[in-house]
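Reader: I would like to go through the reasoning behind the labels on this one. Could you show me the structure, and then take my questions one at a time?

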Amino acid sequence: MQPGTEFPAQTFRVTRADLVRYAGASGDFNPIHWSDRQATTVGLPGVIAHGMLTMGLATQAVARWVGDTASIVEFSTRFANPVVVPDDDKGTEIVVIGAVKKIFDDGLVQIDVTATCQGEKILGAAKALVRHQ
Amino acid sequence: MGRVYPPTPPYEVGREKIREFADAVCATDPVHRDLAEARAKGYSDVIAPPTFAIILSQNAGQQLVDDPAFGMDYSRVVHGGQTFRYERPIVAGDHLITVMTVEEISSRAGHAFLTTRHEVATVEGEPVVTIWTRLVIRGEG
C-alpha cells in the first residue's frame with residue numbers, strides 16, 4: 001500500500017428486505033426505513049436506507065480491501081444524500097471505491113472512501129484509518 | 001452543552017447477535033461467525049463488525065428522547081454523520097457500559113445540530129470504542 005493505491009470497486013445490492021434485516025439486527029426501527037407513508041410525510045421521496053447500513057457496507061468494503069476487519073481503528077463519514085430503496089425485487093445498488101490517501105509515521109494508513117448510488121455521492125468525507133502490518 | 005448522562009446499564013454482547021448483525025451488513029470475515037477462526041486470531045470469542053458499536057450509541061441516545069428537558073422529537077431526526085475510534089474490536093461476552101456526553105448543540109437555517117460522544121468501556125473499565133454521532137433535528141415547516 002502506498003499513497004494513490006486504488007482498491008477495486010465493491011458493489012452491494014440493497015432491497016427492502018435488506019432494510020428490514022438491518023432494522024432487526026441493529027434495533028433501529030425508524031419508520032422512514034420501512035414505511036413509504038411515514039417517509040413521504042417527513043418530506044422524503046420514499047423509504048430510504050439506514051445511513052448506518054450504508055456505512056456498514058462501506059466499512060465491509062474496507063475490511064475486504066485490507067483483509068483484516070480488526071485492523072480498522074477509525075472510520076468517519078457524513079451522510080451526504082439519502083439512498084432511496086424502491087419496493088421491488090431489484091432494489092438499488094451501492095458502489096464503494098477507495099484509495100490510499102496518506103501513510104502516517106506511526107504506520108496508520110488513511111483510506112478515503114467514496115460511495116455512490118445511482119451516480120450520486122451518498123457519503124461525504126468518508127475515511128478509514130487502518131493499521132498496516 | 002457538555003452535559004454528561006449517567007452510565008447505561010451493561011450491554012451483554014452475544015454471539016448470535018454478532019452473527020445477525022454481520023449478516024445484515026454483508027460482513028463476510030469468518031471472525032464474526034467462526035469461534036475457532038476468532039481464537040486463532042487471538043480473540044477470546046467471535047468479534048463484532050466495526051459498525052456494531054452503533055447499537056451502544058443508539059441505546060445511550062435513547063436518554064435524549066426520554067429526557068423531558070431535552071425534548072427531542074425522534075421523527076424529525078436525520079443522521080448527519082458518524083465516527084468510530086476503536087481501542088479494540090467488540091468481542092462476544094463483553095459487558096459494555098456507555099457514557100454519553102452532549103458535545104455540541106447549534107442551530108442553523110432553522111435546524112438544530114447535535115453531536116454526542118459515547119465512551120464505551122467494559123464493566124471492568126477497559127476502554128473499547130469512542131463514538132461520535134452527529135444528528136440533525138429538522139425544524140418544522
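Author: Gladly. Let us begin with the helix pair: in this predicted model, α1(A) and α1(B) cross with a left-handed sense.

Reader: What makes the crossing of α1(A) and α1(B) left-handed?

Author: The label rests on the sense of the turn: a crossing is left-handed if the near helix is turned anticlockwise from the far one by less than a right angle. The crossing of α1(A) and α1(B) is assigned to that class.

Reader: And how do the axes of α1(A) and α1(B) lie, in distance and angle?

Author: The axis of helix α1 of chain A, residues 16–26, comes within 9 Å of the axis of α1(B), and the two cross at roughly 150°.

Reader: Why is α1(A) called roughly antiparallel to α1(B)?

Author: Angles over 145 degrees count as roughly antiparallel. The crossing is at roughly 150°, so α1(A) is roughly antiparallel to α1(B).

Reader: Which residues make the contact of α1(A) with α1(B)?

Author: From α1(A) come A:R21, A:Y22, A:A25 and A:S26, and from α1(B) come B:E20, B:F21, B:D23 and B:A24. By class, these residues are four nonpolar, one polar and three charged.

Reader: Stepping back to the whole contact, how many residues does each chain give?

Author: Chain A gives 27 residues and chain B gives 26 residues. On the side of chain B that touches chain A, the elements with two or more residues are α1 (15–24), α3 (54–66) and β2 (77–86). Of these, β2(B) gives the most, with eight residues. Sorted by class, that side of chain B has 14 nonpolar, eight polar and four charged residues.

Reader: How do you know that β2 of chain A pairs with β2(B)?

Author: Two strands pair if there are at least two bridges between them. Five bridges join β2 of chain A, residues 72–79, to β2(B), and the strands run antiparallel. Within β2(B), B:G81 stands opposite A:R78, while B:R85 stands opposite A:E74.

Reader: What other strand is joined to β2(A), and by how many bridges?

Author: That is β6 of chain A, residues 123–131, which is joined to β2(A) by six bridges and runs antiparallel to it. One of the residues involved is A:S76, whose bridge partner in β6(A) is A:K127.

Reader: Why is A:S76 called partly exposed?

Author: A residue is buried with 20 or more C-beta neighbours within 10 Å and exposed with 12 or fewer. A:S76 has 18 inside 10 Å, so A:S76 counts as partly exposed. Its place is in strand β2 of chain A.

Reader: Which residues is A:S76 in contact with, leaving aside its neighbours within four places in sequence?

Author: A:K127 and B:T83. As for A:T59, its C-alpha lies 9.8 Å from that of A:S76, with their positions 17 residues apart in sequence.

Reader: To finish, what is the pattern of chain B along the sequence?

Author: Chain B reads β-α-α-α-β-β-β-β, with three helices and five strands. Its C-alpha trace spans about 55 × 30 × 20 Å along the principal axes. Of the 141 residues in chain B, 35% are buried.

Terms used. Residues are numbered from 1 along each chain as its sequence is written. Chains are lettered from A and ligands numbered from 1 in the order in which they are written. This is a predicted model: local features need pLDDT of at least 70, side-chain atom pairs count only at pLDDT 80 or more; totals for chains, interfaces and linings use all residues. Two residues are in contact if their C-beta atoms, placed from the backbone, lie within 7 Å. Helices (H or I, at least four residues) and strands (E, at least two) are DSSP runs, numbered from the N terminus. Ala, Val, Leu, Ile, Met, Phe, Trp, Tyr, Cys and Pro count as nonpolar, Asp, Glu, Lys and Arg as charged, and the others, Gly among them, as polar. Axes are lines fitted to C-alpha atoms, for helices over the stretch in contact, and angles run from 0 to 180 degrees between N-to-C directions. Angles under 35 degrees count as roughly parallel, over 145 as roughly antiparallel, 65 to 115 as roughly perpendicular and the rest as oblique.
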